[in-house]
Structures are given as C-alpha cells and as structure tokens.
Amino acid sequence: MWVFYAIGSSFFAGITAILAKCGIRKTDSDVATALRTVVVLAFSWLMVLITGTGAGITQISGKTLLFLVLSGVATGASWLCYFHALQKGDINKVVPIDKSSTILTIVLALIFLHEGLSFGKSVSVVLIGMGTMLMITKKEDKPEEKKENSKEWMIYALLSAVFASLTAILGKVGIEGVDSNLGTAIRTTIVLLMAWMMVFVTGKYHQMKKIEKKEMGFIVTSGLATGVSWMCYYRALQEGPASVIVPIDKLSILITIAFSWIVFHEKLTKKAAIGLGGIVAGTFLLAIL
C-alpha cells in the first residue's frame with residue numbers, strides 16, 4: 001500500500017501549486033500564504049491526534065526544539081518566497097527552481113551532516129541542475145517588461161529553494177528523537193506565526209476583506225491539498241523505504257506541469273521538455289542509489 005500513498009503524496013503536492021496560483025491572481029501572496037497555513041496547521045495537529053504522539057512534546061530537549069523552530073522559520077521563508085514567485089512567474093519555471101533545492105540539500109548534507117557524495121549522486125546533481133537551467137530559459141519572443149518581471153520571480157524562486165534546503169537540514173537535526181508528525185506540527189505552528197507576523201508587519205491584513213470567494217476557495221483547497229499530501233507522505237514513510245518514497249514525492253513536478261498546461265495553457269518548449277527529462281532522470285537515479 002505504501003506505493004499508493006507515495007503516489008498520492010506526489011499527486012496532491014503537484015496540484016498544490018496549481019490551486020495556489022489560482023488563489024493568488026488578485027490576492028496578495030503573503031496574505032494567501034498566511035490563510036492556507038491555517039489549514040495546513042489543522043492537518044498537522046490532526047495527524048498528531050490520530051497517531052497519539054502529542055504526549056512526546058514534554059520530552060523534547062532544548063536543542064531539538066531550537067532546531068525545530070529554526071526549521072519552521074526556514075519553511076516559512078521558503079513558502080513566502082515560493083508563493084510570491086508563483087504570483088509573478090510561470091509555474092513551469094518557478095517549480096523546477098524550487099525542486100532544484102535537492103541539489104543544495106545534498107551539498108549542505110555533505111558539509112554539515114558529513115553524508116557522502118557518491119558518483120551516482122554527483123550525476124544526479126548534474127542532471128537536475130542542467131535540467132533546471134534548460135527549463136527556466138527565457139523565451140525570445142517575450143516583451144521587455146515581461147523579462148524585467150521574470151528577474152523578480154527568479155530571485156524569489158531561488159530564495160525559496162535555498163530556504164527549502166535549509167529546512168531539510170535543520171529539520172533532520174531537529175527531528176532526532178521526535179516523532180515526525182509531532183515535529184511537523186511544531187514546525188507548522190512556527191510557519192503560521194511567521195506568516196501572520198509578515199501580514200501584520202506589512203499592513204496587508206486589511207486586504208483580507210477584499211478577497212474574492214472564488215480565490216478564497218482555491219487558497220483553502222491548496223492548504224487541504226498540502227495537508228493530504230503530508231498525510232500520505234508520512235503514511236508511506238511508515239510502511240515503505242524512504243530512499244524510494246522521497247524521489248517519488250519529488251516527481252510531483254510532472255503533475256504540476258501537466259495541470260499548468262490544462263489550467264493555464266503553459267506549454268513546454270522543446271528545450272524545456274529536455275530539461276524536464278533531465279530532472280526526472282536525476283530524481284530516478286537518486287531513488288535507485
């Protein structure tokens with residue numbers, strides 16, 4: 001059954017970006033992130049209740065809690081940057097950059113966690129890196145203003161990938177000796193506080209009254225999709241090998257790109273299609289190492 005849970009995790013993670021993009025056409029991305037995090041937080045603590053791991057919160061050491069909090073801050077920064085990039089740029093370009101966080105995670109794991117870098121991992125890094133570069137190449141027929149906007153979304157997309165990598169490293173240290181569901185719930189609580197703090201500090205809370213019902217529906221649904229994805233992901237990890245489940249989850253990029261074509265009519269160029277092939281090949285290689 002873990003295979004079906006892993007595929008379910010990948011599917012719901014893939015449609016999250018599509019639903020979120022539909023919810024931030026007119027709504028500010030920071031406000032949307034804060035609202036959807038409420039839904040994700042509810043799912044996170046629901047998982048803690050279902051698994052009965054809430055009592056473990058009293059046994060968390062100060063060091064572990066510190067890393068969980070730092071991991072939550074990194075996650076919050078990653079989400080804020082990611083959804084801001086989605087609001088400004090094409091899904092087909094933002095998502096590959098975000099997924100390239102795999103490369104930085106491997107490098108950081110080598111430096112801070114002393115995890116080895118095999119020949120196979122090196123090839124995977126090259127394939128994912130080259131594939132990402134091919135996918136984000138600008139179209140020549142875009143007007144100048146679009147090119148200017150693309151610079152802005154690219155900066156946010158890159159920051160999203162950097163913070164996502166830090167999340168993985170800090171989360172790995174912080175999750176030691178703590179149930180993964182409880183650790184995720186604590187991190188998500190920090191993300192919620194950070195997202196709402198951003199909304200109030202920037203004075204964007206007034207915009208909540210102006211959110212259209214349709215966009216609010218997409219924002220909530222994207223939060224539900226993230227929650228279901230996490231439930232499937234951790235259920236799959238309980239029953240199957242992480243070395244196979246994690247790469248399957250990363251292949252959510254295929255789901256996202258398929259739906260971006262259906263919903264937003266964003267088509268891949270030949271060069272981008274080759275790039276996607278490189279990312280998929282690199283991810284599969286990581287799965288069989």
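This passage describes the overall build of the protein and then a set of its residues and ring pairs.

The model is a predicted one. Its secondary structure consists of 12 helices and 0 strands. Along the sequence the pattern therefore reads α-α-α-α-α-α-α-α-α-α-α-α. The C-alpha atoms occupy a box of roughly 60 × 55 × 35 Å along the principal axes. The radius of gyration is 18 Å. A compact globule of 289 residues would have a value near 19 Å, so the two agree.

Burial and contacts add to this picture. Of the 289 residues, 49% count as buried. Among contacts between residues at least 6 apart in sequence, 90% join residues at least 24 apart. The exposed surface comes to about 14200 Å². Carbon and sulfur atoms supply 69% of that area. The charges comprise 27 positive and 18 negative ones. The mean positions of these two sets are 2 Å apart.

Individual residues come next, beginning with the loops. Thr 53 sits in the loop between α2 (29-51) and α3 (62-88). Its relative accessible area is 16%, which is under the 20% limit, so Thr 53 is buried. Neighbours within four places in sequence aside, Thr 53 touches Val 48, Asp 179, Asn 181 and Leu 182. A second loop, between α11 (252-264) and α12, holds His 265. His 265 has a relative accessible area of 60%. That value is over 50%, so His 265 counts as exposed. The backbone of His 265 has a phi near 60°. This is a positive value in a residue other than glycine.

Lys 271 belongs to helix α12, which covers residues 270-288. With a relative accessible area of 43%, Lys 271 is partly exposed. That figure lies between the 20% and 50% limits, which is why neither buried nor exposed applies to Lys 271. Beyond its neighbours within four places in sequence, Lys 271 is in contact with Leu 134 and Thr 137. Gly 131 is 140 residues from Lys 271 in sequence. In space, the C-alpha atoms of Gly 131 and Lys 271 are 9.1 Å apart.

Aromatic rings form a further group. A pair of aromatic rings is described by the distance of the centres and the angle of the planes. The count of aromatic pairs comes to 6. One of them joins Trp 79 and Trp 230. Their ring centres are 6.0 Å apart, and the planes meet at 40°. This angle is neither under 30 degrees nor over 60, so the pair is tilted. The pair links distant parts of the chain. Trp 79 lies in helix α3 and Trp 230 in helix α9 (residues 213-239), 151 residues apart. The two partners also fall into separate exposure classes. Trp 79 is buried at 13% relative accessibility, whereas Trp 230 is partly exposed at 22%.

Phe 200 and Tyr 205 form another pair. Here the centres are 5.0 Å apart and the planes stand at 25°. The angle is under 30 degrees, so this pair is stacked. Both residues are partly exposed. The relative accessible area is 49% for Phe 200 and 33% for Tyr 205. Ring pairs also link Phe 11, Phe 12 and Phe 259 into a cluster.

Note on methods: Residues are numbered from 1 along each chain as its sequence is written. This is a predicted model: local features need pLDDT of at least 70, side-chain atom pairs count only at pLDDT 80 or more; totals for chains, interfaces and linings use all residues. Side-chain values use heavy atoms; hydrogens and water are left out. Helices (H or I, at least four residues) and strands (E, at least two) are DSSP runs, numbered from the N terminus. The radius of gyration is taken over C-alpha atoms; the globule rule is 2.2 Å times the number of residues to the power 0.38. Buried means under 20% relative accessible area, exposed over 50%, partly exposed in between (1.4 Å probe, protein chains only). Contact means heavy atoms within 4.5 Å. Accessible areas come from the Shrake-Rupley method with a 1.4 Å probe; for residues, only the protein chains shown count as cover. Lys and Arg count as positive and Asp and Glu as negative; His and the chain ends are not counted. The place of a charge is taken as NZ of Lys, CZ of Arg, CG of Asp or CD of Glu. Rings of Phe, Tyr and Trp (its six-membered ring) pair if their centres lie within 6.5 Å; planes under 30 degrees apart count as stacked, over 60 as edge-to-face and the rest as tilted.
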